[in-house]
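Subject: Structure for you to look at

Hello,

Here is the structure I said I would pass on. Please open it first and keep it in view while you read the notes below.

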Amino acid sequence: MTPPRTTTAPRRRPSPSARFDTALGWSPQFGANMVLRIALCVLVFCIFALPFVAIISAAFDRNSSPTEISLLPKTFTLQNFEVAQQQGLWGYLLNSLVIAGGGLLLQMTVSVFAAYSLSRKKFRGQALVLLLVLMTMMLPEEVIGIPLSLVLGDLPLLGISLKGSVLAVILPVGIWGFSIFIMSEFMKEIPGEIEEAARLDGVGEFRMLFTIILPLCKPALGVIGIFGFMMVWDQYLLPLIAANDPSDYTLTVALSVLRNDTTVGPGVLVAGAVMAMIPSLLVYLFLQRSMIRGITSGATKG
Amino acid sequence: MTATPTKTTVSRPAPPTPKPAGGARKRRGSKQSLAVWMFLLPAAVLGLYFKFIPMFEGVRLSLFKVQPFLGDVFVGFENYAKVIGDQRFMEALGHTVFLGVTQTLGALLVGFVLALLLEGQARSLWFLRTAIFLPVVTALAVVGEIWRILYFPTADGPLNSILGWLGLGPLQFLNGTDTALWSIAVVGIWSGAPYNMVIILAGLTGVDRSLYESAGVDGATVWQRLRYITLPALRPSLVIVLTLAAIRSLRSFTEVYVLTGGGPAGSTEVWMTRMYSLGFQRNDIGVASAAAVLLLVVTLLLTVGTQYLAKRKADR
């Protein structure tokens, strides 16, 4: 793609200041420049968003097959979803929702607690705790998957097996250094006077956290909520190794089961994919602002 | 970001907090430290059980020949020698580095182009940015299924039909030994570029507009403007994005596993898929653990190195 050459005669344009709003100097007036921009935007939209439209349409199409992808279903049907139901997809969806809900709740609680200690307190060994938190980010499920699967099968000291239970996924995703960091970075910025004043009024630690600090952290809660959800929903290996048999799979993992099952058509697979897309779509649409804020603050803070 | 300095200047002139004297202070101190550890307890327990114990287990197992029922035999660094001497692991390493480089650079470049195209305040642009971000939000396993359909290898498959309109022959995509790795790289770029776009867009808002204007007065071309104003302003965030993506790509698993499972004929085998087929299918847990430890050490070195470089840059 070559950048459009438009700055050869900038002074002759009617409104010079608007032309410096963007790096490429897109013109706000209708003209060749704008036509080019619209064409490029359409192309980009086709590349990034049209596959989703095609997949959703295929899920509602009676004879959906990879060779007949269209943007609107030719013969509308809910049959794919009915077959999906017979294939136990609602069960997988339920697994996914329980894990996403439970995992996210646990992760947010753990992160808020840990962040409160790390940001509002000074204690011996703080640097070490911070380092360990950082390390949890470098130990994702993929890297420690094999020993983790052994640990899940026989929990040290307790001697219980978590395999086949939703807890085998919920507990490991409960600890995530990223949300602890985001949360404590945010809590650090709350002025100390607020805390001091509350302490003089005799407010205890729990009330301090839940009634004073946390209400001031709502934006950060949104950020760790959406990133935590995406992290949990995106889990693939962990539900795979945590399962005893395919009925324990989450929806995303179960897609591979559907794909390898020759008795169901591609329409059912696509219906499953659409079902796995909807929750993340909804979360994204509702919490977009938090998400963009999270990405940008993460990038600038490193 | 912009709110931070004002907040700190507000809080700085606060009077020093009066220190409670003698016994009261001590009692409150121990109560405080009790609270500190109480709040850290959940994170500590979960971290210990699901991160650190597995990590130590992994390091321990990497030194043993692991045999169920027969008992583990200590073999020292033999497992490591096996990993390094294994032809398929070395091929997997090559594929991992290839995917890492193409996906990271590709996603950065495409993200940059997207950001330049979609920079602006208009509502239609905001809508477009929202739509384009969808691949990032979608779970990788779902992205994999979508692309398996798009890559359908017959001449009337979705992507092959488009190639057909352009007069290009049908490609095997994921099924061909020489196209499969490129096909995976494209999926990685597709799902990673919009994320970079958001970061770069945020960086673009920080560029001083008057610089563009004075460059325009001086008769600079668009290319010069990008080269001398935009890119230098974006450099700090680009460096971080680039290194983080590179580190992440070392352990990419889901997309390869879902798209090809390492096939055809091992042409897309990466470090992680090789490790998993050894650990879970062939039950060679010792060797697989050694491979995991090697990966961990490389990741650690890269991360520490990045942090060091970022710090040194910030100090300057």
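A:Glu141 and B:Lys51 form a salt bridge, and their closest N and O atoms are 3.2 Å apart. Please keep in mind that this is a predicted model.

That pair belongs to the interface between the chains. Across the interface of chain A and chain B the rule finds 2 salt bridges, along with 16 residue pairs in polar contact. On the side of chain A that touches chain B, the largest share comes from helix α14 (residues 266–301) of chain A, with 17 residues. Sorted by class, this side of chain A has 72 nonpolar, 17 polar and 16 charged residues.

How many residues does the contact take from each chain? It takes 105 residues from chain A and 102 residues from chain B. The area buried between the two chains is about 9,100 Å², and carbon and sulfur atoms give 77% of that area. In chain A, the residues that lose the most area to chain B are A:Phe20, A:Phe48 and A:Ile146, which together make up 9% of what that side buries.

Next, the nonpolar core. The largest one has 178 residues, and those with the most contacts inside it are A:Met183, A:Met187, B:Trp147 and B:Met275. Helix α4 (residues 89–120) of chain A gives the largest share of this core, 14 residues. A:Met187 is a good place to zoom in. Leaving aside residues up to four places away in sequence, A:Met187 touches A:Val112, A:Ala115, A:Tyr116, A:Ser119, A:Arg120, A:Leu209, A:Ile213, A:Leu214 and A:Cys217.

Now back to salt bridges. Side chains of opposite charge can pair when their charged atoms come close. Over all chains, the structure holds 11 salt bridges. Three of them, taken one by one:

- A:Lys188 pairs with A:Glu185, with the closest N and O atoms 3.5 Å apart. The two are 3 residues apart in helix α8 (residues 177–188) of chain A, so about one helical turn separates them. A:Lys188 is partly exposed at a relative accessible area of 48%, and A:Glu185 is partly exposed at 26%.

- A:Glu195 and A:Arg199 meet in a salt bridge of 2.8 Å, N to O. They lie 4 residues apart in helix α9 (residues 192–200) of chain A, so again about one helical turn separates them. A:Glu195 is buried, at 9% relative accessibility, and A:Arg199 is buried, at 15%.

- B:Glu119 and B:Arg209 meet in a salt bridge of 3.3 Å, N to O. B:Glu119 lies in the loop between α4 (87–118) and α5 (123–132) of chain B, while B:Arg209 lies in helix α10 (residues 209–217) of chain B, so the pair ties together parts that are 90 residues apart in sequence. Is each partner buried or partly exposed? B:Glu119 is buried, with a relative accessible area of 6%, whereas B:Arg209 is partly exposed, at 24%.

There is also a network: salt bridges that share partners join A:Arg120, A:Lys121, A:Glu195, A:Arg199 and A:Glu205. A:Arg120 in this network is also one of the residues that A:Met187 touches.

Last, some totals for chain B. Chain B has 14 helices and 2 strands. Of its 316 residues, 47% are buried. Among the contacts in chain B with a separation of 6 or more, 63% are between residues 24 or more positions apart.

Regards

Note on methods
Residues numbered from 1 in each chain as written. Chains lettered and ligands numbered in written order. Predicted model: local features only at pLDDT ≥ 70, side-chain atom pairs only at ≥ 80, totals over all residues. Heavy atoms only, no water. Core = buried A, V, L, I, M, F, W, Y, C linked by side-chain atoms within 4.5 Å. Buried < 20%, exposed > 50% of the residue type's maximum accessible area, 1.4 Å probe, protein only. Contact = heavy atoms within 4.5 Å. Buried area = accessible area lost by both parts, 1.4 Å probe. Salt bridge = Lys/Arg side-chain N within 4 Å of Asp/Glu carboxyl O. Polar contact = N/O pair within 3.5 Å; in protein donor to acceptor, adjacent residues only side chain to side chain. Nonpolar A, V, L, I, M, F, W, Y, C, P; charged D, E, K, R; others polar.
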